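Welcome! Please take a moment to look over the sequence and the 3D structure, and then we will walk through them together.

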Amino acid sequence: MAQEFQRVISHFSHRHPLKLIAYDPETLNLTTSPCSACKLQPSPSGMLYSCTICQDYFLHQSCFEMPVKLTHPFHKHALALVTKPAYGDARFKCDACGERGNGFSYHCKKCSFDLHMLCAMLPLSVTHDSHVKHNLELSSESPYLDNKFSCDICMSIGSCQWLYRCKSCGFDAHLKCATTGDALSVLPPSQSNELPKAAPPEAAAAPPEAMAAKCSRLAPSAPRLPPMQEPNNVRATPPPFERITSSD
Ligand SMILES: [Zn+2]
Ligand SMILES: [Zn+2]
Ligand SMILES: [Zn+2]
Ligand SMILES: [Zn+2]
Ligand SMILES: [Zn+2]
Ligand SMILES: [Zn+2]
């Protein structure tokens with residue numbers, strides 16, 4: 001039985017009360033219904049807000065706690081958390097990673113600007129094992145022709161999407177590549193004593209539209225980590241975003 005806490009609470013995204021529980025894959029089968037906000041599966045032993053009435057509605061605790069409004073340094077207007085895409089085809093295109101999404105998004109109505117919830121929370125600066133000399137800074141566009149870049153981690157092309165870059169070295173990386181620790185892919189196998197990391201099952205089950213999965217699709221042999229889990233070899237600087245609590 002999943003451990004239950006005496007905490008029943010409501011969330012603007014759902015009409016029923018939710019309760020905070022510890023996810024236990026043995027007793028709670030959520031494989032057919034991912035988190036309604038980020039569309040990713042729960043991580044083992046993670047905390048969830050689960051509907052007290054529906055069998056298949058839950059939010060990660062971290063998704064539940066997302067601010068309803070935020071300002072992002074790359075957009076001039078405040079962004080509102082919306083539970084459904086504001087467009088006819090029930091999907092939005094994330095202006096950060098370029099992938100489509102159908103979960104919650106941070107939306108600017110004026111500009112038809114959308115960010116995946118998790119893309120909106122990307123740190124402004126990260127370090128990655130493939131470029132240990134310098135931090136990689138989040139950039140909303142590349143300095144190259146047609147807003148394209150060649151990812152120095154997965155070696156494929158990205159275009160019209162945000163990237164992590166080291167300006168002084170001209171080192172560029174997809175968002176997903178720079179925030180997923182994978183030092184093995186940049187070393188010849190003979191130089192590494194580490195065993196290859198096995199991809200956890202929930203990573204394989206994550207729908208491709210949930211995050212920038214472009215790099216993973218182009219390099220299917222690269223091990224994937226679940227996006228909610230921070231890899232050991234990625235140090236992230238917390239984003240200095242301003243949380244807006246009052247509604248206007
Ligand atoms: Zn979630
Ligand atoms: Zn419900
Ligand atoms: Zn995105
Ligand atoms: Zn705007
Ligand atoms: Zn890449
Ligand atoms: Zn550098």
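What follows is a short tour of zinc sites, two backbone details and a nonpolar core.

This is a predicted model, in which local features need pLDDT of at least 70 and side-chain atom pairs count only at pLDDT 80 or more, while totals for chains, interfaces and linings use all residues. Residues are numbered from 1 along each chain as its sequence is written, chains are lettered from A and ligands numbered from 1 in the order in which they are written, and side-chain values use heavy atoms, with hydrogens and water left out.

Let us start with the zinc ion (ligand 1). Its protein donors are C35 (SG), C38 (SG), H60 (ND1) and C63 (SG), at 2.1 to 2.3 Å. Donors here are N, O and S atoms within 2.8 Å of the metal (3.2 Å for Na, K and Ca); water is not among the atoms, so sites may look incomplete. Along the chain, these donors follow the spacing C-x2-C-x21-H-x2-C. C38 sits in the loop between β2 (14-22) and β3 (47-51) and C63 in helix α1 (residues 61-64), so this pair ties together parts 25 residues apart in sequence. Helices (H or I, at least four residues) and strands (E, at least two) are DSSP runs, numbered from the N terminus. C38 and C63 are both buried, where buried means under 20% relative accessible area, exposed over 50%, and partly exposed in between (1.4 Å probe, protein chains only).

Why is this site called tetrahedral? The 4 donor atoms around the zinc ion (ligand 1) subtend angles of 97 to 119 degrees, which makes the arrangement tetrahedral. Four donors count as tetrahedral if all angles lie between 85 and 135 degrees. For four tetrahedral donors, the ideal angle at a metal is 109.5 degrees.

Next comes the zinc ion (ligand 3), coordinated by C94 (SG), C97 (SG), H116 (ND1) and C119 (SG) at 2.1 to 2.3 Å. The spacing of its donor residues is C-x2-C-x18-H-x2-C. Here C97, in the loop between β7 (92-93) and β8 (100-101), and C119, in helix α2 (residues 117-120), link distant parts of the chain, 22 residues apart. C97 and C119 are buried. The 4 donor atoms of this site subtend angles of 97 to 116 degrees, so the arrangement is tetrahedral.

The zinc ion (ligand 6) has the protein donors H131 (NE2), H134 (ND1), C166 (SG) and C169 (SG), lying 2.0 to 2.3 Å from it. Their spacing reads H-x2-H-x31-C-x2-C. H131 lies in strand β12 (residues 131-139) and C169 in the loop between β15 (163-166) and β16 (171-174), so the pair ties together parts that are 38 residues apart in sequence. H131 is buried, at 7% relative accessible area, whereas C169 is partly exposed, at 37%. Angles of 100 to 114 degrees among the 4 donor atoms make this arrangement tetrahedral.

Now for the backbone. K39, in the loop between β2 and β3, has a phi near 65 degrees, a positive value in a residue other than glycine. C160, in the loop between β14 (157-159) and β15, also is not a glycine and has a positive phi of about 50 degrees. K39 is partly exposed, with a relative accessible area of 22%, and C160 is partly exposed at 48%.

Finally, look inside. The largest nonpolar core has 51 residues, and those with the most contacts inside it are L59, Y106, L115, M117, Y164 and L175. The largest share of this core, 4 residues, comes from α2. A nonpolar core is a set of buried Ala, Val, Leu, Ile, Met, Phe, Trp, Tyr and Cys residues joined through side-chain atoms within 4.5 Å.

How values were computed. Tetrahedral: all angles 85-135°; square planar, octahedral: opposite > 155°, others 65-115°.
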